[in-house]
Amino acid sequence: MPELAHHPADVGAATAVAERPGGATRRQFVWRAAGSLLAAGPLGGLLSACGADTPTSTASASAKPPKTPTGTVTVALPGAPNSLDAARRAGVGAFWATINLYDTLMAWSPGYTKVVPQLLTGWTASPDLTEWTGQIRPGVEFHDGTPLDSAAIRANFEYFLANSDFLFVPLPIKTIDDSRPDAIRFVFDAPYVDFTRNLTLLGMQSPKSISAGPSAIDQHPVGSGPFEFVSQTQSLIQLKAFPRYWNKGKPHVAKLNYQIIEDPGARISALQAGEINVVPKVDPSQASALAHGARTKIAAAPSWLVTYLNFKLVVPSVSDIRVRQAVAHAIDRQALLKALGFGYGTVVDSFEVPGIVGYQVVNPSYGYDPAKAKALIKQVGKKISLRIAIVAGDANAGFLAGESAAQAIAGMLGDVGITATVDALQDATFNANQLSPNPAVDALWLVDQPWFTGGPVLYGVTVPVFDLQKADPASWARYSALSAQMSQTPDGPARDVVIGKLQDLEASLCLSLPLFTMPQIDGLGKDVQGYVPDKRNFGPRFDDVYLG
Amino acid sequence: MSTLADLAGLESGEHEAARRYGRYIGWRLAQGLLVVAGAVVVSFLITNLSGNPGQVIGGSFLSPQQRQQIIDQLGYNRPVLQRLGSYLAGAAHGDFGTSYQTGEPALRVVLTALPNTVLLIGCAIALAVVVAVPVAMLSVLRRGSAGDRSSRVVMMLAGALPDFWIAIILVRLLSVNLSWLPAIGFTSPQSLIMPTLALALPLIPAFVRLLRGALLDVVGQDFVTVLRSKGFRDRFIVAHQALRNAMVPFVTLLAMQIGWLLGGTIIVEVIFAWPGIGSVINNAVQARDVAVIQAAVVVVACGYVLLNLAADVVVTVIDPRVRSGARP
Amino acid sequence: MTARAVQRHAAMRSWPRLQLKAHPTLRLGLLVLFGMLAVAAWGTVALPGAGQQDLAQSFLPPLSPGHLLGTDQLGQDVLAWTSAGIWVGLEVSLAVVSISAVIGISVGLCAGYFGGIVDAVIMRVVDVCLSIPPLLVFVAAAALLRPSMPMLILLISAVAWLPYVRLVRSVVLVERERGYLLAARLSGATRRRLLFGHLLPAVSTPALVLGSLQAGYVLLWEAGLSFLGLGIRPPQHSLGYLIADGRETLSTAWWVVVFPGAALALLVLAAHLIGDGLRDLVQQDVEIIGR
């Protein structure tokens, strides 16, 4: 069975992983190897399961990028975007549709190894990280002709601040200084360690658009990305190449369309029939068929998404730590992955994955031990019955956080004496209930959580942590202290230590169970070249994509 | 030679009939309007089933501030009756609000998708009729034989297959494995073939059953035996005399089926990503786009009413007996 | 009409003797139904519970040891699930048909018997309800509320009672034309006697035919909603849910889709055959389209 972890290690990237001393867990060394392979890998970034398919690299590409933008690429979206506004976009559909519309001040390098300037040419930060100055790239204009300058950037950030709960990315900005048109300076309330990283999510739009208001933006968004907005209907969003894009010679595709196809089976059929070119996040059961298809191939890369089983501490059935530990021990993650993963994916014993700041194996980790689980349940004494919540439909959830996985988990819990049923909730209900203090909501939450900034921003907002304050104030105090310390410590070994303590605390309290990580597998038509999957499942950039 | 009075008498008789007919049609129209008004109210009820739509509109990932902003913007902070009132007032002149997703007027979103569904339904009905008529006639001519009975059962089995099941198997076979036909969307006339098949198959047995029953009635009557003895061929008899009799209930059944299909194509449209009303409804329900859901319900109800009215008119044309003022 | 005529008429309205030999359609329908019930019974009794997972036995093909019809992704036996799904489908179907028949017949009797303004109001309400596409209502309602079997039954019943009203009302109108009702009334029968003694029997036979035809449609609706994930979900087992489960892997594990689909089709076929057969039996056309 093909598995990323067994890819030939001839890349020479035998970097040792920072293993926790005394940690009795498996090496993640091969993960690092694979990750490095990608970083050094061809721009094509097409990594397939070992031995099975023909990996494509730019060296062996059958055609070179065209001189002028040609061709149409159609991407299938699993759900309609909630909004095309850079400040309000949320969810897979919205990000995929707008990632090529908006540029950001900083962006991820093609291998997703580091953050590089995009709309800037460079940046500096004060030693105490309370001030941050970026040099604005000259000659950039928005799709409506407005030039990019500090006033425009300031307008954008003020707009973001007006929607301050945007994607839980904190923006503790004291002042924004746009006195010089070619530089933008931020002053923060306190040292802001992750600002550079978090900038990768904040798309810049035209100040003229912002002043026209949210409805105008929804109907005609204006950014500075390689593609500009043409039109939008219920099922189709059309973009076209922006002729005055600052990165001359890009993009290579003339038209970029996003077709909303809710039904996952229909998306695959359409790809196989040649009607669309890209299907994001393909179910692993289809990956092999697509990899060998006459007209199709896959692009796979280790992702930054981890599937978790989160506990809602305010729900009585799981407020006892022994129940949570029993659940953790009851789940045979290997068997689950074998049945559902079709050879892809890896079980994880960490909250993070390689590439995320502070990645390390967690201590303690809960292995498959049904006897122990049963013993714990017996200790608790009463009959435990609970509900596992998943997102209904496919729009934002990965399949490993979907129906089959949840049913399998329910079955495993049943085997140790916990009665579990699966509750498929609609998006809005799912999100609302996840954060609700109501003890009647579901006890377990199967979620696919992306580390979408490559850094630890999520620590402030994971589901179980919200409940911790109410359920266990002492632990919450320890947690808050560590969390505050972490957000003040710059990247480096010291930060890794703090993150390690934070993760260990979460693990010892059994707040959340990391299950596996699945690579980002995107389905492509055979003629799509230059495609690099986005580890965050927020949508890859099409700057370098062409048909050939 | 008819006197003027005779002429006048004849004309007044016709006038009388025409006036009564006109009243009948007018009465049916008024009823139709009442039904549509009821549908408008029901559309409001459906979307308010689980509480204030403002709580769920737009779906996921909205902060409390953003949600409140949207609630205020769209007026969901007003009391229920007030919302109902303004909704009814708006609906009266075609304003169902704007789609949350695209900002277009909700009615326009629905009406843009409507022709695609109508086309699909039209093809499905046409296919079903084209298959049902000869099958019914054959069945009547060969009635009682083993072949007839077994073919009836086979046909019924074909009609018992769930439409979504047929759809997914067709897609897998014809589109993915054989690449004969396009899998999704409406890109070419060939795109019509599979969804039409999926929709038409369950209809055929119902049509055949009705036609067969009506044909059997006629074929059993004495006058047909007489005609037969004169040497007309069976087929001619069955075709002409009998079909006419079958038309009235058939037309009415057709209208009901089309009306039902108008809102019943959701699953098939989803599977084929067909850009019709079914997809619009499915998208709107997923995204909680309340305005579009409401507009769709009303449009489909209007379609149903119009279809039944059209069926009534056609029935009176076919069967003049109904025309002479017979009240329902 | 005389009392004798009333009696004769009453005799005509009672059940004709059941001669199964002369009704091949009904015979076949009952055969198919009992066949499916036998399979379902055997599947439920002889096999371990439906929905029992065994991840190591994922996607076993049919005729594997212990799994006659194969298994799905989680190792759940397809035959066991299909059997359970047959019971669930029949349960929903019977419940819906019963509830909707009771409501529909009562309303139809009122409309037909009392006539006048009552009739007019009822028929307008029915028209409004009929004009709303049922699938749309189901999808919207099921998406907004948490799916469960009782909710599903209520939802479908809320739509399924409508055809009964039209049918019953037409029959009552026809019966009213005949003088025997007036005669019975004149000879001292109470209104209740008329409704229950005369009209109800008259209405029951066409209603039964309609009910068996409807049972097929209810099965399809339930399967369709469960297919979309809005209907019956585990721990209860629906044929539609299994079809959706196997849909992604149709090309490699066809048995997960084909067998439940076939079972569903056969059940619906049985319902249609029985409905047709009953109609031939009582020699009445229930597709009374009149208003």
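**Strand β13 of chain A**

I began with β13(A) in this predicted model, and found both of its faces covered: A:L305, A:T307, A:L309 and A:F311 are buried on one side, and A:V306, A:Y308 and A:N310 are buried on the other. The alternation in that list is what I would look for, because in a regular strand the side chains alternate between the two faces of the sheet. Since 7 of the 7 residues of β13(A), which spans 305–311, are buried, I noted the strand as largely enclosed by the rest of the structure.

I then looked up which strands pair with β13(A). Strand β17 of chain A, residues 444–450, runs antiparallel to β13(A) and is joined to it by 7 bridges, and within β17(A) I found A:L444 as the bridge partner of A:F311. Strand β18 of chain A, residues 512–517, also pairs with β13(A) in the antiparallel sense, here over 5 bridges, with A:S512 of β18(A) standing opposite A:N310.

**Backbone exceptions**

I next went through the unusual backbone geometry, bearing in mind that most residues other than glycine have a negative phi, and most peptide bonds are trans. In chain A, I found a cis peptide bond between A:K250 and A:P251, with omega about -5 degrees, and placed A:P251 in the loop between β9 (236–241) and β10 (255–260). In chain C, a cis bond joins C:P234 to C:P235, with omega about 10 degrees, and C:P235 belongs to the loop between α9 and α10 of that chain.

For positive phi outside glycine, I noted A:N537, where the angle is near 55 degrees; this residue sits in the loop between β20 (528–529) and β21 (546–547) of chain A. Is A:N537 buried or exposed? I counted A:N537 as buried, because it has 23 C-beta neighbours inside 10 Å and the cut-off for a buried residue is 20 or more. B:A273 also has a positive phi, about 50 degrees, although it is not a glycine, and lies in the loop between α10 (266–272) and α11 (277–287) of chain B. With 26 C-beta neighbours inside 10 Å, B:A273 is therefore buried by that criterion.

**Chain contacts**

Turning to the interfaces, I found 21 residues of chain A in contact with 15 residues of chain C. On the chain A side, α7 (264–272), α8 (284–291), α10 (333–341), α12 (403–415) and β16 (419–425) each supply at least two residues, and α10(A) gives the most, with 5 residues. I sorted that side of chain A into 10 nonpolar, 9 polar and 2 charged residues.

The contact between chains C and B takes 39 residues from chain C and 42 residues from chain B. The elements of chain C that give two or more residues to it include α2 (24–46), α4 (116–131), α9 (191–227) and α11 (255–282), and by class this side of chain C has 27 nonpolar, 6 polar and 6 charged residues.

**Confidence**

Finally, I checked how the predictor scores the model: the complex has an ipTM of 0.80 and a pTM of 0.78, while chain C averages a pLDDT of 82, with 89% of its residues at 70 or above. Among the elements of chain C, helix α3 (residues 78–114) has the highest mean pLDDT, 92, and helix α1 (residues 3–13) the lowest, 49. Over residues 10–14 of chain C the pLDDT is below 50, and I noted 4 contacts for this stretch beyond near neighbours in sequence. Residues 285–291 of chain C also stay under 50, and the model has 17 contacts for them beyond four places in sequence.

Technical notes
Residues are numbered from 1 along each chain as its sequence is written. Chains are lettered from A and ligands numbered from 1 in the order in which they are written. This is a predicted model: local features need pLDDT of at least 70, side-chain atom pairs count only at pLDDT 80 or more; totals for chains, interfaces and linings use all residues. Two residues are in contact if their C-beta atoms, placed from the backbone, lie within 7 Å. Helices (H or I, at least four residues) and strands (E, at least two) are DSSP runs, numbered from the N terminus. Ala, Val, Leu, Ile, Met, Phe, Trp, Tyr, Cys and Pro count as nonpolar, Asp, Glu, Lys and Arg as charged, and the others, Gly among them, as polar. pLDDT is the predictor's confidence in each residue, from 0 to 100. A residue is buried if 20 or more other C-beta atoms lie within 10 Å of its own, exposed if 12 or fewer, and partly exposed in between; C-beta atoms are placed from the backbone. Two strands pair if DSSP finds at least two bridges between them.
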